[in-house]
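Visitor: Hi, I have a structure open here and I'm new to this. Could you walk me through it?

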Amino acid sequence: MSTIIQTTPIYSINPHHDQCRQCRANLFKKHVVDDAAWELCHQGPETTEHFFECRFAAQFWASLGLQIRAGFRANDLHCISRPASIPDTEFSSYILLCCWQIWKRRNNHVFRGDTANLQQVVRACREEATSWAYRLRRDIVWVANVWCSSFAM
Ligand SMILES: [Zn+2]
């Protein structure tokens with residue numbers, strides 16, 4: 001599981017700049033791309049924060065019962081309140097699984113032209129959680145099963 005997680009942009013946050021190295025906003029600063037826009041919505045620069053404040057992302061987080069406060073910063077990731085229905089055990093992994101699917105949605109759009117809707121992304125989360133269950137210690141596999149239930153749409 002750690003191999004997968006390390007490739008998510010959230011894990012690539014530069015602690016000194018509080019930003020994802022692979023995000024378009026950083027690539028724009030380095031003159032690698034022509035603009036910093038989040039290609040899926042063009043409602044803001046592609047920053048780590050846009051993972052949480054984008055209209056789609058807001059719908060996604062809300063559908064899972066996760067409240068993302070205004071002005072959320074990547075460094076606040078560990079402060080997201082846990083819904084009562086989600087176990088405390090491995091809650092940070094749950095959040096990363098969600099981030100991972102938002103990032104995959106972005107990549108599928110950028111590289112394949114696919115634009116998954118909310119239901120498809122939630123379904124992808126459930127499929128991912130099912131896979132992750134095989135990688136968890138046997139005594140906490142139940143956690144992934146609860147996650148799968150939370151991804152029911
Ligand atoms: Zn957006």
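**Helices and their contacts**

Guide: Sure, let's begin with a helix pair: in α5, L97, C98, W100, Q101, K104 and R105 meet V121, A124, C125, E128, A129 and W132 of α6. Sorted by class, the residues of this α5 and α6 contact are eight nonpolar, one polar and three charged. Here Ala, Val, Leu, Ile, Met, Phe, Trp, Tyr, Cys and Pro count as nonpolar, Asp, Glu, Lys and Arg as charged, and the others, Gly among them, as polar. Two residues are in contact if their C-beta atoms, placed from the backbone, lie within 7 Å.

Visitor: Is there anything I should know about the model and the numbering?

Guide: This is a predicted model, where local features need pLDDT of at least 70 and side-chain atom pairs count only at pLDDT 80 or more, while totals for chains, interfaces and linings use all residues. Residues are numbered from 1 along each chain as its sequence is written.

Visitor: Okay, how many helices and strands does the protein chain have?

Guide: Seven helices and two strands. In sequence order the pattern is α-β-β-α-α-α-α-α-α. The helices (H or I, at least four residues) and strands (E, at least two) are DSSP runs, numbered from the N terminus.

Visitor: Back to α5 and α6. At what angle do their axes cross?

Guide: At roughly 125°, and the axes come within 10 Å. That makes α5 oblique to α6. Angles under 35 degrees count as roughly parallel, over 145 as roughly antiparallel, 65 to 115 as roughly perpendicular and the rest as oblique. The axes are lines fitted to C-alpha atoms, for helices over the stretch in contact, and angles run from 0 to 180 degrees between N-to-C directions.

Visitor: And is that crossing left-handed or right-handed?

Guide: Right-handed, as α5 passes α6. A crossing is right-handed if the near helix is turned clockwise from the far one by less than a right angle, and left-handed if anticlockwise.

Visitor: What about α4 and α6, at what angle do they cross?

Guide: The axis of α4, which spans residues 55-63, crosses that of α6 at roughly 55°, and the two come within 10 Å. So α4 is oblique to α6. Their crossing is right-handed. Q59, F60 and S63 of α4 make the contact with L118, V121 and V122 of α6. By class, there are four nonpolar, two polar and no charged residues in the contact of α4 with α6.

Visitor: And how do α6 and α7 sit relative to each other?

Guide: Their axes come within 9 Å and cross at roughly 170°. That makes α6 roughly antiparallel to α7. On the α6 side the contact has R126, A129, T130, W132 and A133, and on the α7 side V141, A144, N145, W147 and C148. The contact of α6 with α7 has seven nonpolar, two polar and one charged residues.

Visitor: Which residues of α7 are buried?

Guide: In α7, residues 141-150, they are V143, A144, W147 and S150. Seen down the helix axis, these buried residues fall within an arc of 110°, so they line one face of α7. That arc is the one covered by the directions from the helix axis to the C-beta atoms. A residue is buried if 20 or more other C-beta atoms lie within 10 Å of its own, exposed if 12 or fewer, and partly exposed in between.

Visitor: What covers them, and what's on the other side?

Guide: The cover includes α5 (91-112) and α6 (118-133). On the other side of α7, N145 and S149 are exposed. N145 counts as exposed because it has 12 C-beta neighbours inside 10 Å. The C-alpha atoms of N145 and A133 are separated by 7.4 Å, with the two residues twelve apart along the chain.

Visitor: New topic: which residue between α4 and α5 has a positive phi?

Guide: E90, which lies in the loop between α4 and α5. Its phi is about 60°, although E90 is not a glycine. Most residues other than glycine have a negative phi.

Visitor: Is E90 buried or exposed?

Guide: E90 is buried, because 20 other C-beta atoms are within 10 Å.

Visitor: And what's up with H31?

Guide: H31 also isn't a glycine, and its phi is positive, near 65°. H31 lies in the loop between α2 (24-29) and α3 (50-53). With 7 other C-beta atoms within 10 Å, H31 is exposed.

Visitor: Last one: how much of the protein chain is buried?

Guide: Buried residues make up 30% of its 153 residues.
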